[in-house]
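Hi,

Here's the structure I said I'd pass along. Have a look at it first, and then read on for what turned up.

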Amino acid sequence: MQTLQGQSLSPVGRPHPWHAVIHGSDKPRYVAIADVIADDMLNGRLPPGARLPAQRVLAEALEVDFTTVARGYQEAQRRGLIESRVGAGTFVRDGAGAAPCAPEALPTADAIIPAAQPPARSTARCSADLSMNLPPDIDDPELLARMRAGLAEVGQDLVDLLRYQEFGGAEQDRQAGVDWLALRGLPVRAERLLVCAGTHSALHAVLGALAKPGDRICAEDLTYPGLRGLAAQLGLEVVGLPMDQDGILPDAFAEVCRTRPPKALYCNPTLQNPTTVTLSAERRQALVNIARQYGVAIVEDDAYGALPVGGPVPMAALAPDLVFYIGGLAKVLGAGLRVAYLVVPEARHVWQLSAFLRATTVMASPLTVALATRWIGDGTAQAILAAIRAESTLRQTIARGTLPGPAPRSRPEAFHYWLPLPAGWSRSSFAATLRGAKLGIVVSDAFSVNSPAPEAVRLCLGGCDRDETRGALDMIAHTLSRPPELASVFL
């Protein structure tokens with residue numbers, strides 16, 4: 001029998017002692033931890049609102065591994081028993097169902113959320129999943145109220161927004177795109193801008209317009225998986241270009257152009273996905289010069305470009321006659337805001353791309369576009385961006401102070417983290433070990449154009465709340481502190 005006495009807080013703030021007692025059981029230890037939380041809630045030893053001990057404290061007291069406690073807390077959270085609160089800790093949920101459920105069974109809605117109460121989003125949404133690359137949620141009450149007010153204003157025109165709209169964006173929507181891109185240091189004319197249903201849709205249209213099956217395009221040798229998927233669908237060959245700390249190597253691009261010029265160079269030049277590398281100003285100019293020399297179009301996916309303050313200007317500002325620029329909102333305002341502004345080099349490209357977009361997406365969602373236009377016009381979008389930038393910087397600081405090895409060589413505003421693995425670890429064994437702890441990551445194979453892929457993984461720091469992210473990073477650091485041969489012993 002193992003016990004722990006900790007200091008928790010009752011709903012009225014008085015200290016509440018809790019003794020965690022784990023009896024001998026044939027269940028996994030993490031399940032036993034979740035069970036004892038449920039039992040003590042049922043018998044009144046853990047009242048609603050009680051604060052649980054920190055994971056490391058409980059691990060030391062019970063003489064079990066940190067990852068075991070982390071999994072136990074995750075299991076209890078999955079059952080709807082506890083919740084994490086940013087900056088405060090882990091608490092017993094008010095009104096949570098205390099009856100234990102099977103560890104692999106999905107809890108019913110009633111077990112997670114009492115009737116007539118809104119869902120606790122962080123509990124239902126995230127179970128230490130660092131695989132989906134999305135910005136942190138907004139949690140500032142004033143900013144949330146401002147966002148909701150904008151949504152309510154858009155709803156005043158609901159009937160009109162349920163009709164078909166002008167293709168490529170109404171005048172006010174294109175102007176919102178012009179205003180938004182001006183903040184990136186990119187002056188554009190509204191007649192060369194199309195409002196699209198997200199970056200993926202715009203990228204699909206541009207690649208379909210520039211190349212035909214059998215053609216080749218260039219990209220970073222570790223690149224956005226969506227590009228690889230679209231290229232496969234369109235029958236295009238992707239040639240991976242090596243990178244260093246400043247991005248794509250110009251000599252490698254020039255060599256490909258000399259031997260067999262590609263139809264386009266795709267790049268994600270700022271806070272690149274997955275490596276977080278940002279192309280230097282000099283490197284951008286060098287690549288533009290080579291592309292112009294050989295008549296190669298550049299497709300600039302500036303998904304994260306708005307996050308850094310004072311970063312290099314877009315490549316489209318250096319070569320507006322050469323670059324197809326895509327400025328999406330999903331990675332800088334919210335993953336559900338599927339709006340992207342596509343800027344083309346010449347007016348003739350608008351008609352060419354319009355035909356492709358009509359055939360594939362018909363139009364961007366009028367409701368979503370109207371909300372983006374509203375938020376940009378009243379300054380809400382800029383406030384959201386500032387909040388995401390600040391939270392991403394904080395999480396990068398946590399990651400850099402927690403994870404072993406050198407920090408990513410990028411600006412600190414990225415909300416993804418590229419983690420080369422130490423000697424002895426393979427990406428597959430590392431992913432399998434974390435999967436056993438119910439922690440999701442993405443291995444380098446998803447991004448690799450050339451073989452073999454490096455022994456590295458990408459972590460997303462924005463998909464969970466801050467406490468969950470911190471706990472997941474602690475678990476990763478702890479896992480990497482053990483020899484790979486022993487990792488499975490501690491899960």
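What covers the buried residues of H12? Keep in mind that this is a predicted model. The cover includes strand E8 (243–244), strand E9 (247–248), helix H11 (250–259), E11 and helix H13 (315–318).

Let me stay with helix H12 (residues 281–294) for a moment. Its buried residues are Arg283, Arg284, Leu287, Val288, Ile290 and Ala291. They all sit on the same side of H12, because they cover an arc of only 165 degrees around the axis. Turn to the face directed away from that buried side and you'll find the exposed residues Glu282 and Gln293. As for length, H12 has 14 residues and spans 21 Å from its first C-alpha to its last, close to the 20 Å expected at 1.5 Å a residue. After H12 comes glycine 295, with a positive phi near 70 degrees.

H12 also belongs to a bigger pattern: together with E10 and E11, it makes a right-handed β-α-β unit. Strand E10 (residues 264–267) is a good place to look next. Ala264 and Tyr266 point one way from it, Leu265 and Cys267 point the other way, and all of them are buried.

On to the neighbours of E10. Strand E11 (residues 297–301) pairs with E10 in the parallel sense over four bridges, and isoleucine 298 in E11 is the bridge partner of leucine 265. Strand E6 (residues 216–220) also runs parallel to E10, joined to it by two bridges. There, isoleucine 217 stands opposite alanine 264. E6 in turn is joined to E7 by five bridges, again parallel, with alanine 219 and glycine 240 in E7 as bridge partners.

If you want the general background, strands of a sheet pair through backbone hydrogen bonds, either parallel or antiparallel.

Now for the whole sheet. Seven strands form an open sheet, and you can trace them in the order E5-E13-E12-E11-E10-E6-E7, with mixed pairing. Strand E5 (193–196) and strand E7 (237–241) each have a single partner strand and stand at the edges, so one side of each is left without a neighbour in the sheet. From one strand to the next, the twist averages 20 degrees. Helix H9 (residues 199–210) packs on this sheet and touches E5, E6, E10, E11, strand E12 (323–328) and strand E13 (340–343). The direction of H9 makes about 165 degrees with that of E12.

A few backbone details are worth a look too. In general, most residues other than glycine have a negative phi, and most peptide bonds are trans. With that in mind, which loop holds proline 274? It is the loop between E10 and H12, and the peptide bond from asparagine 273 to proline 274 is cis, with omega near 20 degrees. Leucine 271 is found in the loop between E10 and H12 as well. Leucine 271 is not a glycine, yet its phi is positive, at about 50 degrees. Is leucine 271 buried or exposed? Leucine 271 counts as buried, at 0% relative accessibility.

Lysine 438 is another residue other than glycine with a positive phi, near 60 degrees. You'll find lysine 438 in the loop between helix H17 (427–436) and strand E15 (442–443). With a relative accessible area of 30%, lysine 438 is partly exposed.

Have a look at helix H1 (residues 29–42) as well. H1 has 14 residues and reaches 20 Å from its first C-alpha to its last, close to the 20 Å expected at 1.5 Å a residue. H1 is mostly covered, with eleven of its 14 residues buried; among them are Tyr30, Val31, Asp35, Asp40 and Met41. Glycine 44, which follows H1, has a positive phi near 90 degrees.

One last spot concerns two residues 164 apart along the chain: the C-alpha atoms of threonine 361 and alanine 197 are separated by 7.3 Å. Threonine 361 belongs to helix H14 (residues 347–361) and counts as partly exposed, at 28% relative accessibility.

Cheers

How values were computed:
Residues are numbered from 1 along each chain as its sequence is written. This is a predicted model: local features need pLDDT of at least 70, side-chain atom pairs count only at pLDDT 80 or more; totals for chains, interfaces and linings use all residues. Side-chain values use heavy atoms; hydrogens and water are left out. Buried means under 20% relative accessible area, exposed over 50%, partly exposed in between (1.4 Å probe, protein chains only). Two strands pair if DSSP finds at least two bridges between them. A crossover is right-handed if, with the strands pointing away from the viewer, the path from the first strand over the helix to the second runs clockwise. Axes are lines fitted to C-alpha atoms, for helices over the stretch in contact, and angles run from 0 to 180 degrees between N-to-C directions. Contact means heavy atoms within 4.5 Å. The expected span of a helix is 1.5 Å times one less than its number of residues. The arc is that of the directions from the helix axis to the C-beta atoms.
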